[in-house]
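Please open the model in a viewer and keep the selection panel at hand. The tour below proceeds from one selection to the next and states what is found at each stop.

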Amino acid sequence: MKVLIAVDESDIAEKTFEWYLNKIHKPDNDIVVSHAGEPPHLPTLKFMSEGAVFPSDEIKNIMTQSNKKLEEFKNKYSLKCAEKKIKCKLMFQLSDKSPGETIVKIANEEACDVIVMGTRGLGAVRRTILGSVSDYVIHHARIPVIICPK
Amino acid sequence: MKVFIAVDNSELAEKAFDWYYRELHKDGNDVLVAHSAEYPHIGSYAFLGGQLPVEEIHAASAEATRKYEALKEKYLKKIEDQQSAKIFFEVHEKPAEGLVKMAEKSHCDFIVIGSRGLGAVRRTILGSISDYVMHHAKVPVMVFHK
């Protein structure tokens, strides 16, 4: 069985990942860990005393930082899998598409049989019990979805 | 791990049950096959005319009992060969709330539920009961749809 575990930088995602490995995982399950982060906001023009300047240095810094963070985050999960001696495919990317769409897309492309994710992530709207991403995935995935609360 | 599989008379519930055993079940998991039955509905029209619609009440009650027992039989048969599976059927006024109460009472670690059951509103992708359970459960919930 192929399992897609969708994570973000939240504690819930980490707990969900651990829970899956400890309680659900079977040795012949294949695992794909995916992350669809938001690309950083890039400044377009900088107004300086000499007039508008294209802030290429700043942009380069922001992109480097962002890629570095992504790489570190990916390594975190790579290590978790290595510790448990589990082989997994890591698909960590930054995308303009909504995370929900990306998760469903990856599930289709990778022919996964089940999706595992947290109820909520780092989203700003804390009033809701069910985050918008998990809500989207439940409504659009055509395979079973396991939703893990806090 | 204690697994709570919510079932009703629908085909999807049976598929979810079968899929759980085929793909997720591990030796050592205790399974509860749960059903939260509703009180039989008696149309309010039956109460017009001032008299208690005794016949309707008896008929509705008998039908509900028949369905309840048939569902129980069906799943008792399915879990015959499983050592650590039990039937957990209760009657509650509101099935969704009932399921959540039963799940908490059972101290289960994981809930399996079909996305839709026999509900009338077929336009919705997610049935009202699975929606409710997902929002109120304090343990991971697997919503099954295929």
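**The nonpolar cores**

Begin with A:Tyr20, A:Ile146, B:Leu24 and B:Phe110: in this predicted model, these are the residues with the most contacts inside the largest nonpolar core, which has 47 residues. Next, select helix α1 of chain B, residues 11–24, which gives the most to this core, namely eight residues. In general terms, nonpolar side chains in soluble globular proteins tend to be buried together.

Now centre the view on A:Ile146 and display its contacts, setting aside neighbours within four places in sequence. On the chain A side, the residues in contact with A:Ile146 are A:Trp19, A:Val114, A:Ile115, A:Val116 and A:Met117. From chain B, A:Ile146 is in contact with B:Leu24, B:Phe110, B:Pro140, B:Val141 and B:Met142.

A second core of 35 residues is separate from this one; to find it, select A:Ile106, A:Ala107, A:Ile138 and B:Ala103, which are among its members.

**Helix α4 of chain B**

Move to residues 128–136 of chain B, which form helix α4, and highlight the buried residues B:Ser130, B:Val133 and B:Met134. On which side of α4(B) do they lie? They are on the same side, because the arc they cover around the axis is only 100 degrees. Helix geometry offers the background: with 3.6 residues a turn in an α-helix, residues three or four places apart point the same way.

To see what the buried residues of α4(B) pack against, add α4 (132–140) and β7 (145–148) of chain A to the selection. Within chain B, the packing partners are α3, β4 and β5 (141–144).

**The interface between the chains**

Colour the two chains separately and select the residues that touch across the boundary: 22 residues of chain A are in contact with 23 residues of chain B. The two chains bury about 2,000 Å² between them, and carbon and sulfur atoms give 67% of this area. On the chain B side, pick out B:Lys26, B:His135 and B:His145, which lose the most area to chain A and together account for 26% of what that side buries. The elements α1, α4 and β5 of chain B each supply at least two residues of the side that touches chain A.

How many salt bridges are there between chain B and chain A? The count is zero. Polar contacts are nevertheless found across the interface of the two chains, in seven residue pairs with both residues at pLDDT 80 or more.

**Chain A as a whole**

Hide chain B and view chain A in cartoon form, where four helices and seven strands appear. Traced along the sequence, their order is β-α-β-β-β-α-β-α-β-α-β. The C-alpha trace of chain A spans about 65 × 35 × 30 Å along its principal axes. Of the 150 residues in chain A, 43% are buried. Among contacts in chain A with a separation of 6 or more, 70% join residues 24 or more positions apart.

**Salt bridges**

Over all chains, the count of salt bridges is 16. Select A:Glu14 and A:Lys76, whose side chains meet in one of them, at 3.1 Å from N to O. This pair links helix α1 (residues 11–24) of chain A, where A:Glu14 lies, to helix α2 (residues 56–83), which holds A:Lys76; the two residues are 62 residues apart. A:Glu14 is partly exposed at 21% relative accessible area, and A:Lys76 is partly exposed at 34%. Extend the selection to A:Glu18, A:Lys80 and A:Lys84, which are linked with A:Glu14 and A:Lys76 in a network of salt bridges.

Restore chain B and select B:Glu11 and B:Lys15, which form a salt bridge of 3.7 Å, N to O. About one helical turn separates B:Glu11 and B:Lys15, because they are four residues apart in helix α1 of chain B. B:Glu11 is exposed, with 59% relative accessibility, whereas B:Lys15 is partly exposed at 39%. A further salt bridge joins B:Glu97 to B:Lys94, with the closest N and O atoms 3.5 Å apart.

**Two loops with positive phi**

Finish with A:Ala111, in the loop between α3 (99–109) and β6 (114–118) of chain A. Although not a glycine, A:Ala111 has a positive phi near 50 degrees, and its relative accessibility of 51% makes A:Ala111 exposed. In chain B, select B:His107, in the loop between α3 (95–105) and β4 (110–114). B:His107 is likewise not a glycine and has a positive phi of about 55 degrees; at 64% relative accessibility, B:His107 is exposed.

Technical notes. Residues are numbered from 1 along each chain as its sequence is written. Chains are lettered from A and ligands numbered from 1 in the order in which they are written. Side-chain values use heavy atoms; hydrogens and water are left out. Buried means under 20% relative accessible area, exposed over 50%, partly exposed in between (1.4 Å probe, protein chains only). A nonpolar core is a set of buried Ala, Val, Leu, Ile, Met, Phe, Trp, Tyr and Cys residues joined through side-chain atoms within 4.5 Å. Contact means heavy atoms within 4.5 Å. The arc is that of the directions from the helix axis to the C-beta atoms. Buried area is the accessible area (1.4 Å probe) that two parts lose on being put together, summed over both. A salt bridge is a side-chain nitrogen of Lys or Arg within 4 Å of a carboxyl oxygen of Asp or Glu. A polar contact is a pair of N or O atoms within 3.5 Å; within protein, one must be able to donate a hydrogen and the other to accept it, and residues adjacent in sequence count only if both atoms are side-chain atoms.
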